[in-house]
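Trainee: Could we go through this model together? I should like to start with its packing.

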Amino acid sequence: YPTELKATAIAPDGYFWVDDYVQSDAAGLFDKSVLGPLITEYSAGRVENVADGHTASIFVLTLNSDWTQPAIDQYLFWEGVSEGTDVVTPGGIPVRQKTAAFEETDCLAYYAARTGIAICTFTGIDGLAILDAFVAAQPG
């Protein structure tokens, strides 16, 4: 299972960490032939918007080396966005985004250097803005 993201990351502005979030098993991610051996940390958490109560799941992946194309391909597939569209958040972060990546769920994934960040929301919630806010909330 992923570790709890709320223990190491700051919630985006206007959100708080949901205490009872239970993430599903991530063994399949660690079993990926190329990506699995590179993973040093995989964390997950869910945030809730203080204004309207919508939620977003946030997943952060850390690798022990830089991304390779085969690792990227496995990561994008795992996060459900491999057949998505490459877009840029309003804050300038390049992501792969897929509407209806899973049932009633939109997802996006960012990867660079040794980090991957994925955001999944109910369809129609702006995950791009949530990613910008999450990245801005983190120190350094």
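Mentor: We shall discuss the cores, one helix and two backbone angles. This is a predicted model, in which local features need pLDDT of at least 70, side-chain atom pairs count only at pLDDT 80 or more, and totals for chains, interfaces and linings use all residues. Residues are numbered from 1 along each chain as its sequence is written, and side-chain values use heavy atoms, with hydrogens and water left out.

Trainee: Which residues touch the most other members of the largest nonpolar core?

Mentor: They are Leu35, Leu61, Trp67 and Tyr75, in a core of 22 residues. A nonpolar core is a set of buried Ala, Val, Leu, Ile, Met, Phe, Trp, Tyr and Cys residues joined through side-chain atoms within 4.5 Å; buried means under 20% relative accessible area, exposed over 50%, and partly exposed in between (1.4 Å probe, protein chains only).

Trainee: Which element gives the largest share of this core?

Mentor: Helix α2 does, with four residues. Helices (H or I, at least four residues) and strands (E, at least two) are DSSP runs, numbered from the N terminus.

Trainee: And what lies apart from that core?

Mentor: Another core, of 18 residues, which includes Leu108 and Phe134.

Trainee: Turning to α3, which of its residues are buried?

Mentor: Gly127, Leu128, Ile130, Leu131, Asp132 and Phe134 are buried. Asp126 caps the N-terminal end of α3, with a side-chain oxygen 3.1 Å from the backbone nitrogen of Leu128.

Trainee: What is the phi of Ala100?

Mentor: It is positive, about 55 degrees, although Ala100 is not a glycine. Ala100 is in strand β6 and is partly exposed, at 46% relative accessible area.

How values were computed
A polar contact is a pair of N or O atoms within 3.5 Å; within protein, one must be able to donate a hydrogen and the other to accept it, and residues adjacent in sequence count only if both atoms are side-chain atoms.
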